[in-house]
Amino acid sequence: MSELFVPETIYVDNVSKTFEEPVSENSCYIIKDTSLSVETGEFFILLGPSGCGKSTLLNLIAGFTETTYGELRLGGKKIKKHGKERAMVFQNADSALFPWLTVRENVEFGLRMKKVSKKERAHVSDKYIRLVGLTGHEKKFPKELSGGMKQRVQLARVLANNPAILLMDEPFGALDAMTRRSMQKELVNIWRTTSKTVIFVTHDIQEALLLGQRIGIMSLGPDSKIVKIYDVALPYPRDITAPEFNRLYEIIENHFEGEAWTL
Ligand SMILES: Nc1ncnc2c1ncn2[C@@H]1O[C@H](COP(=O)(O)OP(=O)(O)OP(=O)(O)O)[C@@H](O)[C@H]1O
Ligand SMILES: [Mg+2]
C-alpha cells in the first residue's frame, strides 16, 4: 500500500519567492533567503501570522510553485515538480475535492488511480472515513457537506493514500473545537505509528505545541523568513496544563509581541 519511496530529509536552501514577473530590482519578495531542513519522520510546525507566506512556502515544498532564487531538495534530489510522496492537505477543501464524486469516491480516488482492488479500497476508505467521523455520510456530495466536513473528507483522502510526507496547511482551521482536538490526537497517533514526515502550518500557538517536535517561526512579510526554531522536548500525548508547555507558550507568545504583530 505505501509508496515505493525512501523518505529523505527535506532541504530548503536560501529560497526566495516573488510572484512578480519579470523579476526586477524593485520586486517585492514574499519569502526572502530562507533556509530549513526537516528530517525524515519529523513533525515540524510552520507558525506565523496571516499573509506571511506559510502557504507559499508549503507550496514550494510540494512542488506546486517554483522558487525565484534558491532550491529545495529531497535528500540529494532537486524538487522540480510535485511528487506523489508529498501529499498536501489544502487550506481550502473546496478546491481539493471533486464536486462530482461522493465522499467515498473522493476518499478512494488515489487508490483507484493506483489500481487498488475494490474490496481493499472499501476497507481503507471505511477506516479513514470512520477516523474523521464521517461514517454515514459516504454517499453525500461535497456540496451537501459543511466546511468542516469537507475538510475532513480531504484529510481522509490524503491519509488513505498513505504518503511518506504530509504537508498540511491549517488543516483543522475550519473545525469546531472538539472535532479539532480529536483530529489533532488522531494525527499524532498516525504520525507516531507510521513515521511519516509532517510539515504542519498553523497560526495557533497551542496547536503548534500540542503537535510539533520543532516549531519554526516565520516573520511578517514581505521578505518573510524562518527567524527562529523552538524545540519542543515534551512527551506525547502533550498535556496543556504541564508547566513546560505553558512556559514555551509564553516564550512564543512573547516572541510575537516583541515583533509588534499579532497572529
Ligand atoms: N499566486 C499568488 N500571486 C500573487 N501573490 C500571491 C500569490 N499567492 C500568495 N500571494 C501573496 O503572498 C503573500 C503570502 O501569502 P500566503 O498565502 O503564503 O500567506 P499565509 O501565511 O499562508 O497566510 P494565511 O495564514 O492567511 O493563510 C500574501 O501577500 C499573498 O497576497
Ligand atoms: Mg495560508
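1. Start with a word you'll need throughout: a residue is buried when its relative accessible area is under 20%, exposed when it is over 50%, and partly exposed in between, using a 1.4 Å probe and protein chains only. Helices (H or I, at least four residues) and strands (E, at least two) are DSSP runs, numbered from the N terminus. With that in hand, the buried residues of α1 are Lys54, Thr56, Leu57, Leu58, Leu60, Ile61 and Ala62. That makes seven of nine, so this helix is mostly covered. Right after α1, glycine 63 takes a positive phi of about 85°.

2. Some housekeeping before we go on. This is a predicted model, in which local features need pLDDT of at least 70 and side-chain atom pairs count only at pLDDT 80 or more, while totals for chains, interfaces and linings use all residues. Residues are numbered from 1 along each chain as its sequence is written, chains are lettered from A and ligands numbered from 1 in the order in which they are written, and side-chain values use heavy atoms, leaving out hydrogens and water.

3. What holds the magnesium ion (ligand 2)? Ser55 (OG) and Gln91 (OE1) coordinate this ion, at 2.0 to 2.4 Å. The two come from distant parts of the chain, 36 residues apart: serine 55 belongs to helix α1 (residues 54-62), and glutamine 91 to the loop between β6 (86-89) and α2 (103-113). Serine 55 is partly exposed at 22% relative accessible area, and glutamine 91 is partly exposed too, at 44%. A caution on reading this site: donors are N, O and S atoms within 2.8 Å of the metal (3.2 Å for Na, K and Ca), and water is not among the atoms, so sites may look incomplete.

4. Now look at ligand 1. Among the residues around ligand 1 are Phe19, Ile30, Pro49, Lys54, Thr56 and Glu170; to be listed, a residue needs a heavy atom within 4 Å. Ser55 and Gln91 are in that list as well. For polar contacts, the rule is a pair of N or O atoms within 3.5 Å; within protein, one must be able to donate a hydrogen and the other to accept it, and residues adjacent in sequence count only if both atoms are side-chain atoms. A polar side-chain atom of serine 50 sits 2.6 Å from an oxygen atom of ligand 1. The backbone joins in as well: a polar backbone atom of cysteine 52 is 3.2 Å from a ligand 1 oxygen, and a backbone N or O atom of glycine 53 is 3.0 Å from one.

5. Next, the open sheet. Four strands make it up, in the order β2-β1-β4-β5, with antiparallel pairing; strands pair if DSSP finds at least two bridges between them. Why do β2 (31-38) and β5 (77-78) count as edges? Each has a single partner strand, so one side of each has no neighbour in the sheet. Strand β4 (residues 69-74) is joined to β5 by two bridges, and arginine 73 has lysine 78 in β5 as its bridge partner. Helix α1 lies across β1 (10-17), β2 and β4, at about 125° to β1. Contact here means heavy atoms within 4.5 Å; axes are lines fitted to C-alpha atoms, for helices over the stretch in contact, and angles run from 0 to 180 degrees between N-to-C directions.

6. Strand β6 is worth a look from both sides. In a regular strand the side chains alternate between the two faces of the sheet. Here both faces are covered: Arg86 and Met88 on one side, Ala87 and Val89 on the other, all of them buried. β6 pairs in the parallel sense with strand β7 (residues 165-169) over four bridges, and arginine 86 stands opposite isoleucine 165.

7. Helix α2 has buried residues including Val103, Val107 and Leu111. The cover over its buried residues includes α3 (118-131) and α4 (147-160).

8. Last, the backbone oddities. Most residues other than glycine have a negative phi, and most peptide bonds are trans. Aspartate 33 has a positive phi of about 50°; this residue is in strand β2 and partly exposed at 40%. Lysine 115 also has a positive phi, near 60°, sits in the loop between α2 and α3, and is exposed at 73%. Glycine 221 to proline 222 is a cis peptide bond, with omega near -5°, and another cis bond joins tyrosine 236 and proline 237, with omega about -10°.
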